[in-house]
Amino acid sequence: MKHKSHLLEAVHETAQDLQKCGFIDKRALNRYDALCLEPVPSYSPEQIRTLRDRYRISQAVLAAILNISLSTIQKWEIGEKHPGGPSLKLLSILDRKGIEALI
């Protein structure tokens with residue numbers, strides 16, 4: 001897991017140790033995990049187009065990979081709509097880890 005800071009890394013490591021020793025439950029550890037995650041970045045229309053160009057895929061292929069409609073991709077790229085929720089997370093994974101991570 002990538003942490004925002006050394007402090008959060010230390011907090012997370014301590015929480016893991018506390019969970020292993022039985023002082024906190026798995027649910028509490030999951031809350032620490034969520035606090036330590038980096039936020040998902042937003043993507044501008046230009047960034048979405050650049051991402052698609054990087055992997056040399058069409059709008060239709062990106063739509064299929066993300067399991068959304070072609071018109072949604074088109075609207076993202078002209079700025080009429082903006083990705084959110086699971087689609088935003090999948091774009092982030094595509095950006096950071098490559099197309100192989102989603103196929």
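The following dialogue introduces a predicted model of a protein chain.

Colleague: How many helices and strands are there in the protein chain?

Modeller: The protein chain of this predicted model has six helices and zero strands. Read from the N terminus on, its elements run α-α-α-α-α-α.

Colleague: How does one read the overall shape, and what is the radius of gyration of the protein chain?

Modeller: The value is set beside that of a compact globule with 103 residues, which would be near 13 Å, whereas the protein chain has 18 Å. The C-alpha trace spans about 50 × 25 × 25 Å along its principal axes.

Colleague: What share of the contacts in the protein chain with a separation of 6 or more comes from residues 24 or more positions apart?

Modeller: Such residues account for 54% of those contacts.

Colleague: What share of the residues in the protein chain is buried, and how much area does the chain expose?

Modeller: Buried residues make up 30% of the 103 residues. The exposed area is about 7,000 Å², and carbon and sulfur atoms supply 54% of it. As for charge, there are 15 positive and 12 negative side chains, with the centres of the two sets 4 Å apart.

Colleague: How may the length of a helix be checked, and what span should helix H1 (residues 6-20) have?

Modeller: The expected span rests on 1.5 Å a residue, so the 15 residues of H1 should span 21 Å. The end C-alpha atoms of H1 are 21 Å apart, which agrees.

Colleague: Is Trp76 buried or exposed, and why?

Modeller: The general idea is a cut-off: a residue counts as buried under 20% relative accessible area. Trp76 is buried because its relative accessible area is 3%. Trp76 is placed in helix H5 (residues 70-78). Leaving aside neighbours within four places in sequence, its contacts include Pro45, Ile48, Leu66, Ile68 and Leu91. Trp76 and Glu46 are 30 residues apart in sequence, and 9.2 Å separates them in space, C-alpha to C-alpha.

Colleague: Where does Glu77 lie, and is Glu77 buried or exposed?

Modeller: Glu77 lies in helix H5. Its relative accessibility is 15%, so Glu77 counts as buried. Not counting residues up to four places away in sequence, Glu77 touches Pro45, Ile48, Arg49, Arg52 and Gln59. Glu77 and Tyr43 are 34 residues apart along the chain, and their C-alpha atoms are separated by 9.9 Å.

Colleague: Which residues does Ser92 contact, leaving aside its neighbours within four places in sequence?

Modeller: Ser92 is in contact with Val40, Pro41 and Tyr43 on that basis. Ser92 lies in helix H6 (residues 85-97). With a relative accessible area of 4%, Ser92 is buried.

Colleague: How should one read the sign of phi, and what phi does Arg56 have?

Modeller: Most residues other than glycine have a negative phi. Arg56 has a positive phi of about 55° although it is not a glycine. Arg56 is found in the loop between helix H3 (45-54) and helix H4 (59-66). Arg56 counts as exposed, at 77% relative accessibility.

Colleague: What phi does Asn67 have, and where is Asn67 found?

Modeller: Asn67 takes a positive phi of about 60°, although it is not a glycine. The loop between H4 and H5 holds Asn67. Asn67 is exposed, its relative accessible area being 71%.

Colleague: What phi does Gly22 take?

Modeller: Gly22, just after H1, takes a positive phi of about 90°.

Definitions and conventions. Residues numbered from 1 in each chain as written. Predicted model: local features only at pLDDT ≥ 70, side-chain atom pairs only at ≥ 80, totals over all residues. Heavy atoms only, no water. Helix = DSSP H or I, 4+ residues; strand = E, 2+ residues; numbered from the N terminus. Buried < 20%, exposed > 50% of the residue type's maximum accessible area, 1.4 Å probe, protein only. Contact = heavy atoms within 4.5 Å. Rg over C-alpha atoms; globule rule 2.2 N^0.38 Å. Areas by Shrake-Rupley, 256 points an atom, 1.4 Å probe, with all protein chains shown as cover. Lys, Arg positive; Asp, Glu negative; His and termini not counted. Charge placed at Lys NZ, Arg CZ, Asp CG, Glu CD. Expected span 1.5 Å × (residues − 1).
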